[in-house]
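This report describes selected features of one protein model. Look at the sequence and structure first, then read on.

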Amino acid sequence: MNGLIVMRGGGDLASGAAFRLHRAGLRVIVLELDAPLLVRRVVCYGDAVFDGVRSVDGVTARRIDHIDRAETVLDADEIPVWVDAAGESVRTLRPLVVVDARMEKRPLDSTIHDAPLVIALGPGYTAGIHAHAVIETNRGHHLGRVYWQGSAEPDTGEPGSMAGKTHSRVLRAPAPGHVTAHVSIGDTIHVGQIIADVGGIPLIAPFDGVLRGLVHPAVAVQPGMKIGDLDPRSERDHCFTISDKALAVGGGVLEAVLTEPHIRSQLYGGAHERG
């Protein structure tokens, strides 16, 4: 599969990058966990792991049951999603580009030697050591910037502010277990309302807003884990479209991919032209 880009992770920022790359005519495959912890899952291509298919902003991702099916899905102008937590298929696929978009904020098992171009998202990675390029994911002036030397800004531990809400908009598991939802993503929520329960303990809305995300009920969670996102701006459409942050990060990934002429020529040489 010539000109292939492997995206390790299918979360919201990874999906913004996959969307940008796909719309630019490039061939992307997403590698995911068997039960990924996706909060904004209706805008995550990794959600195809659970439901078989996930369409976001007009681009469709489809889970494949064997890596040999990837070519067929790519030929259908879709994004294949393959469960491969360890990234073992990277050696088989021999992609031109690997993007580590798992956002673990520390180096994992990707290395700069995995492909001719390796890109990493966010803090914990150093360009020239862990990857060829690192993309800034912290909100602010540098969001989406490509670093060919050095690192992204350190993890602040502070969620982005929305209408003055920061930590309170992040919903965390009150107990171990699975999330049983009482409402749906996109629903209007009122302060004091039960959003879900985990292990029989209710998760109570701290303010009025719209439920922007909630993890899949198949995922086992632990106390304190981020499992939901309550948006005080109450814009329902925001729940179902790729965010400004994800698009900015995706733009940085696309820039990094297309910066080197030899990478660019090989990618477009192997990509299918779109009408």
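**Two helices in contact**

Helix H1 (residues 12-23) and helix H5 (residues 244-259) have axes that come within 7 Å and cross at roughly 50°. Here helices (H or I, at least four residues) and strands (E, at least two) are DSSP runs, numbered from the N terminus. The axes are lines fitted to C-alpha atoms, for helices over the stretch in contact, and angles run from 0 to 180 degrees between N-to-C directions. H1 is therefore oblique to H5; angles under 35 degrees count as roughly parallel, over 145 as roughly antiparallel, 65 to 115 as roughly perpendicular, and the rest as oblique. The crossing of H1 and H5 is also right-handed, meaning that the near helix is turned clockwise from the far one by less than a right angle, whereas anticlockwise would be left-handed.

On the H1 side, the contact (heavy atoms within 4.5 Å) is made by Asp12, Leu13, Gly16, Ala17, Phe19, Arg20 and Leu21. H5 contributes Lys245, Ala246, Leu247, Val249, Gly250, Gly251, Val253, Leu254 and Val257. Sorted by class, the contact of H1 with H5 has ten nonpolar, three polar and three charged residues. In this sorting Ala, Val, Leu, Ile, Met, Phe, Trp, Tyr, Cys and Pro count as nonpolar, Asp, Glu, Lys and Arg as charged, and the others, Gly among them, as polar.

The model is predicted: local features need pLDDT of at least 70, side-chain atom pairs count only at pLDDT 80 or more, and totals for chains, interfaces and linings use all residues. Residues are numbered from 1 along each chain as its sequence is written, and side-chain values use heavy atoms, with hydrogens and water left out.

**Cysteines**

A search of the whole structure finds zero disulfides, a disulfide being a pair of cysteine sulfur atoms within 2.5 Å. Cysteine 44 is in no disulfide, and the nearest cysteine sulfur, in cysteine 239, is 13 Å away. Why is there no bond from cysteine 239 to cysteine 44? The 13 Å between the two sulfurs is too far for a bond. Cysteine 44 is buried, at 2% relative accessible area, and cysteine 239 is buried too, at 1%. Buried means under 20% relative accessible area, exposed over 50%, and partly exposed in between (1.4 Å probe, protein chains only).

**Two aspartates with positive phi**

Each row below gives an aspartate whose phi is positive although the residue is not a glycine.

| Residue | Phi | Loop | Relative accessibility |
|---|---|---|---|
| Aspartate 57 | near 50° | between strand E3 (53-56) and strand E4 (59-63) | 35%, partly exposed |
| Aspartate 77 | about 65° | between helix H3 (70-75) and strand E5 (79-83) | 37%, partly exposed |

**Residues far apart in sequence**

Glycine 252 lies in helix H5 and is buried, at 2% relative accessibility. Glycine 252 and leucine 121 are 131 residues apart in sequence, with 9.5 Å between their C-alpha atoms. Setting aside neighbours within four places in sequence, glycine 252 is in contact with Ile135, Gly144 and Val146.

Valine 83 belongs to strand E5 and is partly exposed, with a relative accessible area of 26%. In sequence, valine 83 and proline 36 are 47 residues apart; in space, their C-alpha atoms are 9.7 Å apart. Not counting residues up to four places away in sequence, valine 83 touches Glu32, Leu33, Asp34, Val49 and Arg63.
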